[in-house]
Amino acid sequence: MSSSRVEQKGNIIVKWITSTDHKTIGYMYLIASVLFFLLGGVMALIIRAELFEPGMQILPTKDQYNQLFTMHGTIMLLMFATPLFA
C-alpha cells in the first residue's frame, strides 16, 4: 500500500511540472517567487551582518561582497518582484 502512495506523489510532481493548466502554472510562479524571496532575504542578512561592525569580516574579500550585493539585487528584482507582480 505504501508503494502506491509513492507512485502517486511522483505522479503529482510530474503532473505539476508538465502541466499546461493556467492555475497550476500560477501556483508554480508563486512558489518560485517565494523561494527566491527567501534566498534574497538570506543574502540581505549576510550583507547586514557584514556591515554590522567595522572591521568584522564575514565575507573574505571585497569582491565577494560586491558580488553578493549584485546577486541580491538581481534576484529580488528579476526573480522575485517581476514574476510576483507581473
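Helices (H or I, at least four residues) and strands (E, at least two) are taken as DSSP runs and are numbered from the N terminus. The structure described here is a predicted model, in which local features need a pLDDT of at least 70 and side-chain atom pairs count only at pLDDT 80 or more, while totals for chains, interfaces and linings use all residues. Residues are numbered from 1 along each chain as its sequence is written, and side-chain values use heavy atoms, with hydrogens and water left out.

The protein chain has an average pLDDT of 89, and 92% of the residues score at least 70, where pLDDT is the predictor's confidence in each residue, from 0 to 100. Among the elements of the chain, the lowest mean pLDDT (73) belongs to helix H1 (residues 2-17), whereas the highest (95) belongs to H2.

The lengths of two helices were examined against the expected span, defined as 1.5 Å times one less than the number of residues in the helix. For H2, with 29 residues, a span of 42 Å should result at 1.5 Å a residue, and the end C-alpha atoms are 42 Å apart, which agrees. H3, with 24 residues, reaches 33 Å from its first C-alpha to its last, close to the 34 Å expected at 1.5 Å a residue. A bend of about 30 degrees is found in H3 at Ile-75, the bend at a residue being the angle between axes fitted to the seven residues ending there and the seven starting there.

Burial was assessed by relative accessible area, with under 20% counted as buried, over 50% as exposed and values in between as partly exposed (1.4 Å probe, protein chains only). The buried residues of H2 are Thr-24, Ser-33, Gly-40, Met-43, Ile-47 and Glu-50, and those of H3 are Tyr-65, Leu-68, His-72, Ile-75, Met-76 and Phe-80. The cover over the buried residues of H3 includes H2, where contact means heavy atoms within 4.5 Å.

The largest nonpolar core consists of 6 residues, namely Met-43, Ile-47, Leu-59, Tyr-65, Leu-68 and Ile-75; such a core is a set of buried Ala, Val, Leu, Ile, Met, Phe, Trp, Tyr and Cys residues joined through side-chain atoms within 4.5 Å. At least two residues of this core are supplied by each of H2 and H3, and its largest share, 3 residues, comes from H3. When residues up to four places away in sequence are not counted, Ile-75 touches Phe-36, Leu-39, Gly-40, Met-43 and Phe-80. His-72, which is also found in helix H3, counts as buried at 19% relative accessibility, and with the same exclusion of residues up to four places away in sequence it touches Gly-40, Met-43, Ala-44 and Ile-47.

The structure holds 3 aromatic pairs, a pair being rings of Phe, Tyr and Trp (its six-membered ring) whose centres lie within 6.5 Å, with planes under 30 degrees apart counted as stacked, over 60 as edge-to-face and the rest as tilted. The rings of Phe-37 and Phe-80 have centres 4.8 Å apart and planes at 40 degrees, so this pair is tilted. Because Phe-37 lies in helix H2 (residues 22-50) and Phe-80 in helix H3 (residues 62-85), the pair ties together parts that are 43 residues apart in sequence. Phe-37 counts as partly exposed at 40% relative accessibility, whereas Phe-80 counts as buried at 15%.

Further positions relate H2 to the end of the chain. Leu-30, located in helix H2, is partly exposed at 42% relative accessibility, and its C-alpha lies 6.4 Å from that of Leu-84, although the two residues are 54 residues apart in sequence. Pro-83, placed in helix H3, is likewise partly exposed, with a relative accessible area of 24%. The C-alpha atoms of Pro-83 and Ser-33 are separated by 6.5 Å, with these positions 50 residues apart along the chain counted as their separation; leaving aside neighbours within four places in sequence, Pro-83 is in contact with Tyr-29 and Leu-78.Outside these helices, Leu-51 lies in the loop between H2 and H3 and counts as exposed at 54% relative accessibility. Ala-86, in the segment after H3, is exposed with a relative accessible area of 86%, and its C-alpha is 32 Å from that of Ala-49, at a sequence separation of 37 residues.
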